[in-house]
Amino acid sequence: MTRERYFTMCEQLEQEPVEDEIPPDWEDFPDIALQALSTFNSLGDRVVPDIGYMGKDFTNLSYFIEHNGIVDTELFLEILLYLESRAINQSQETLKREREKLKRKK
């Protein structure tokens with residue numbers, strides 16, 4: 001949920017916003033996190049039939065690190081790998097639900 005949507009929802013429900021429930025905005029994240037997210041979205045995907053999403057193709061990673069002027073590569077890579085692990089887990093869960101649906105139809 002975006003920050004704007006949260007405030008709209010509170011307004012419609014005639015409730016006061018709760019500080020701890022307000023979602024972060026892009027400006028709330030450090031530059032390295034935004035650069036990692038942008039790089040993550042720019043990298044290609046590795047997808048295998050019958051297995052699904054295998055993660056990102058890091059072949060061009062050095063280009064993005066150099067192009068963005070990343071100094072703290074360890075943190076940058078940690079953020080990228082975190083994003084990748086979340087994407088892989090989401091893909092696996094989706095495939096699992098689809099397979100279970102197919103099993104129930106038989």
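Here are some figure legends for close-up views of a predicted model of one protein chain.

**View 1. The whole chain, from one end to the other.**
Start by finding the 4 helices and the 2 strands of the protein chain. If you walk along the sequence, the pattern you meet is α-α-β-β-α-α. The C-alpha trace spans about 55 × 50 × 15 Å along its principal axes. How does the radius of gyration of the protein chain compare with that of a compact globule of 106 residues? The globule would come out near 13 Å, while the protein chain has 19 Å.

**View 2. The surface and the contacts of the chain.**
Just 23% of the 106 residues in the protein chain count as buried. The protein chain exposes about 8,600 Å², and 51% of that area is supplied by carbon and sulfur atoms. Now for who touches whom: take the contacts in the protein chain with a separation of 6 or more, and 42% of them come from residues 24 or more positions apart. As for charge, you can count 13 positive and 22 negative side chains. The centres of those two sets lie 18 Å apart.

**View 3. Lys-56 and its neighbours.**
Zoom in on strand β2, which covers residues 52–57, and you'll find Lys-56 there. Is Lys-56 buried or exposed? Lys-56 counts as buried because its relative accessibility is 6%, and the cut-off for buried is under 20%. Leaving aside residues up to four places away in sequence, Lys-56 touches Phe-40, Leu-43, Gly-44, Asp-45, Arg-46 and Glu-84. Look a bit harder at Leu-43: its backbone oxygen lies 3.1 Å from a polar atom of the Lys-56 side chain.

**View 4. Glu-14, in a loop.**
Here we're in the loop between α1 (3–12) and α2 (31–42), where Glu-14 lies. What is phi of Glu-14 near? It is near 55 degrees, a positive value in a residue other than glycine. Glu-14 has 74% relative accessibility, so this residue counts as exposed; the cut-off for exposed is over 50%.

**View 5. Gln-15 and Arg-97.**
Gln-15 is also found in the loop between α1 and α2. With a relative accessible area of 47%, Gln-15 is partly exposed. How far apart are Gln-15 and Arg-97 in space? From C-alpha to C-alpha, the two are 36 Å apart, and in sequence they are 82 residues apart.

**View 6. Gly-69 and Thr-8.**
For this last view, hop over to the loop between α3 (61–68) and α4 (73–105), which is where Gly-69 is found. Gly-69 counts as partly exposed, at 48% relative accessibility. Which distance in space separates Gly-69 and Thr-8, C-alpha to C-alpha? Those two residues are 38 Å apart in space and 61 residues apart in sequence.

How values were computed:
Residues are numbered from 1 along each chain as its sequence is written. This is a predicted model: local features need pLDDT of at least 70, side-chain atom pairs count only at pLDDT 80 or more; totals for chains, interfaces and linings use all residues. Side-chain values use heavy atoms; hydrogens and water are left out. The radius of gyration is taken over C-alpha atoms; the globule rule is 2.2 Å times the number of residues to the power 0.38. Buried means under 20% relative accessible area, exposed over 50%, partly exposed in between (1.4 Å probe, protein chains only). Contact means heavy atoms within 4.5 Å. Accessible areas come from the Shrake-Rupley method with a 1.4 Å probe; for residues, only the protein chains shown count as cover. Lys and Arg count as positive and Asp and Glu as negative; His and the chain ends are not counted. The place of a charge is taken as NZ of Lys, CZ of Arg, CG of Asp or CD of Glu. A polar contact is a pair of N or O atoms within 3.5 Å; within protein, one must be able to donate a hydrogen and the other to accept it, and residues adjacent in sequence count only if both atoms are side-chain atoms.
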